[in-house]
Amino acid sequence: MKALSLSKEKIRFVLLEGIHAAAAEVLAAHGYSNVVSAPAAANGRDLRRLLAGAHFLGIRSRTQLGADALGSARRLTAIGCFCIGTNQVDLEAAAQLGIPVFNAPFSNTRSVAELVLAEIIMLLRGIPAKNAAAHRGQWLKGATGAVEARGKVLGIVGYGHIGSQLGVLAEGLGMRVRYYDVVPKLPLGNAQPCPSLEALLDVADVVSLHVPETPETRGMIDAPAIARMRDGACLINASRGHVVVIEALAEALAAGKLGGAAVDVFPHEPESNDAPFTSPLCALDNVLLTPHIGGSTQEAQRNIAEEVATKLIRYSDNGSTVSAVNFPEVSLPDARGRHRLLHVHRNEPGVLREINQVFADSGVNVAAQYLQTRGPVGYVVMDLEVARPQALMARLRAVHGTIRTRILY
């Protein structure tokens, strides 16, 4: 069957922020050779220029895609966030433009868990302060404030993929694991759930945060929460910057209420490696500060590159939207031998009836039809037994509520 969609060599992928080369390798292996890569983020006029010719866009965390930028990207078909978070994209605006957004929520799980495990040991041994002192020429040899991880209580807030894997690794050190999650989760190993965040803070020697950024988690660890923690306990945040009130944490560390902290994410982070980093925590010796690198290992970046590139390819090749974060999820089989049309529309009564009326009036047989809705957006995929599907597109675009249409093959 003759291909009807844009040929793969003409479909442009723009990959920003130094996305791992594995992404371009996966794209090339599937016939997508028109790939533009850049090492830095793009915003403002530069971003609009790149979007003007892009059918697919790949970003990490620094490129900000607001409604204005998305509205100017007439060709943009899908966005890949080559990271866990998607806060940098206006997901609602993208959905209303018919643009699904994909990410890699689990590909860096091991990398984050390993970093946190290392930080637990460093904090319990008081290494941050001893290291800072040694850099100043001071020799703080002694066992005061240094304890083993074995037998200590690790409190994990957010028992998802990262939190649960961290618990398994920590048990290997002999730690006792407690966890709290707003959704009931079955424990792995000997971990035990806590009925509330407060109950976890009461018993933990180390508290490690692994929650998404939501209205409920924003400022979750504030001054009252920190005051509830055990004297000398340690806090680790490798989740989202706004989960911890940094000023309250700095005060507790300076006052000796907490023994130490490790922070990888911040409420306000530099836009580039050349921009200065400032935080009230910078003046404190008993803190490990890392520049949002929890998932920054070669293994994790390759996994993320392969996962997100594959999702973009599946959407481009056959329309599947499984795991899209802002879009109706449809898992689609191959339909070679038929023509496949995609229709994105506002989720309003009567749209599907109008779509099917187009086919009925044209005497077209619909061999298969897949429909899902998500919030204000509906997505219907149709496999047709028809010689010339192009003739139907003008009528489909005229259906009330239509956002965009596409012929795949």
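# Nonpolar cores and cysteines

The largest nonpolar core has 34 residues. The residues with the most contacts inside this core are F13, A23, L27, F56, F82, L312 and Y379. The model is predicted. A second, separate core has 33 residues. The disulfide count comes to zero.

**The largest core**

- Five elements are named here because each gives two or more residues to this core: β1 (13-15), α1 (22-29), α11 (298-318), β13 (339-346) and β15 (377-385).
- Helix α11 gives the largest share, seven residues.
- L312 has contacts beyond its neighbours within four places in sequence. These partners are F13, F56, A78, I79, G80, F82 and F102.

**The second core**

- This core is separate from the largest one.
- Among its 33 residues are Y180, I246, L249 and A250.

**The cysteines**

- Why is C81 not bonded to C83? The closest cysteine sulfur to that of C81 is in C83, and the distance is 5.1 Å. That is too far for a bond, because a disulfide needs the two sulfur atoms within 2.5 Å.
- Is C81 buried or exposed? C81 counts as buried, because its relative accessibility is 0%.
- C282 is in no disulfide either. Its nearest cysteine sulfur belongs to C234, 19 Å away.
- C282 has a relative accessible area of 42%, so this cysteine is partly exposed.

Terms used: Residues numbered from 1 in each chain as written. Predicted model: local features only at pLDDT ≥ 70, side-chain atom pairs only at ≥ 80, totals over all residues. Heavy atoms only, no water. Core = buried A, V, L, I, M, F, W, Y, C linked by side-chain atoms within 4.5 Å. Buried < 20%, exposed > 50% of the residue type's maximum accessible area, 1.4 Å probe, protein only. Helix = DSSP H or I, 4+ residues; strand = E, 2+ residues; numbered from the N terminus. Contact = heavy atoms within 4.5 Å.
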